[in-house]
Amino acid sequence: MKKIAILTSGGDASTMNKCLSTFITYASKYNCEVVFVKNGYKGIYDNEFVKPDYTETKSWWSLPGTKIYSSRFPEILDEQVRKQMVDNLHKNSIDTLVVIGGDGSYKGARLLSKSGIKVIGLPGTIDNDIASTSYSIGFDTSLNAIVNSIKEIKSCMDSHANVAMIEIMGRHCIDLTVFAGIATEADIIITPESFYTPQQLLAKINEKRKTNSRGIIILYVELLLGTENIPTVEEYIKYIQANSKELVKKNILGYLQRGGNPTAMDMIRASLMTEHALKMISENQYNKIIGVDEFKVVSYDLETAINMKNPSRKDLIDKFFN
Ligand code: F6P
């Protein structure tokens, strides 16, 4: 039986708990024993390895956040700290370390793998900033929270014909901003790839006013406005209000974007990827990052489409229920 240690690292993402409950449910099928590491990488250093309670962990499947806690641990860059972490993993007889986190967490995993630790990564982050997966675990939940907030803000903007500037999380990844913009039919998005100066933004608003006489929604990705030589959001608002009749309202959704109840699709992707992680460990395949590949738009001839058969799902039944 292989002993695997699981940790959650970096910004918490809703649905990390679903990975934990899935690990507990299917570990024995793959001849694995699970221990949790509390507080992310810091917990390896502090020797916080805990034996999970099966029934309790099973009850976490629908809970947001991470019940084994997370941290950012830049100290992992220090060789002495890493040496202690490797010692602790050996002392606890860990065969494989599973890291649920984003790109920063993967860099930590790479450092430990260079010291001989076998690692598997699961993409747990709301940011969707991991190129090796179409969707990260937590992204869909966050996106839904953002879409719901925009819907509510839009109703207020419509009532007064105001403009909303809404800051969206994602660190340097624009996916939450772009996807939320598509879903809500936002009027303008500001990202490095679709950037407007205050003057250009006002021109764009004026253009939108030709067809939209009510609320205007502008989404902007965080960590862009107010950096380097780019004006702050307040400076944008000041310029627009001084040069037009528009009233502009600033909205920062903050952690409402991160703490929502997991969506069904997030939970399904989390379970699929977790089950796959266990399979890889059982097949001695290490130093892998798990992902899903499903972002594809297709078209078929009418006749072909009508004659196509739905997939049987037997593979899913075998994985999860047999
Ligand atoms: O990585 C997830 C995330 O929520 C980013 O979108 C955001 O930039 C960051 O974490 C905020 O981090 P913290 O909670 O450490 O301030």
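**Asn-212 and the Tyr-135 aromatic cluster**

Trainee: Which backbone nitrogen does the side chain of Asn-212 reach at 2.9 Å?
Mentor: In this predicted model, local features need pLDDT of at least 70 and side-chain atom pairs pLDDT 80 or more, while totals for chains, interfaces and linings use all residues. Residues are numbered from 1 along each chain as its sequence is written, and side-chain values use heavy atoms, without hydrogens or water. A polar contact is an N or O pair within 3.5 Å; within protein, one atom must be able to donate a hydrogen and the other to accept it, and sequence-adjacent residues count only if both atoms are side-chain atoms. The partner of Asn-212 is the backbone nitrogen of Arg-214.

Trainee: Is Asn-212 buried or exposed?
Mentor: Buried means under 20% relative accessible area, exposed over 50%, and partly exposed in between (1.4 Å probe, protein chains only). Because its relative accessibility is 15%, Asn-212 counts as buried.

Trainee: How are the rings of Tyr-135 and Phe-295 arranged?
Mentor: The whole structure holds seven aromatic pairs; rings of Phe, Tyr and Trp (its six-membered ring) pair with centres within 6.5 Å, and planes under 30 degrees apart are stacked, over 60 edge-to-face, the rest tilted. Here the centres lie 6.0 Å apart and the planes meet at 90°, so the arrangement is edge-to-face.

Trainee: Which residue lies over the face of Tyr-135?
Mentor: Tyr-135 is buried at 13% relative accessible area. A charge sits over a ring if NZ of Lys or CZ of Arg is within 6 Å of the ring centre and within 35 degrees of the ring normal. At 4.1 Å from the ring centre, the residue is Arg-269.
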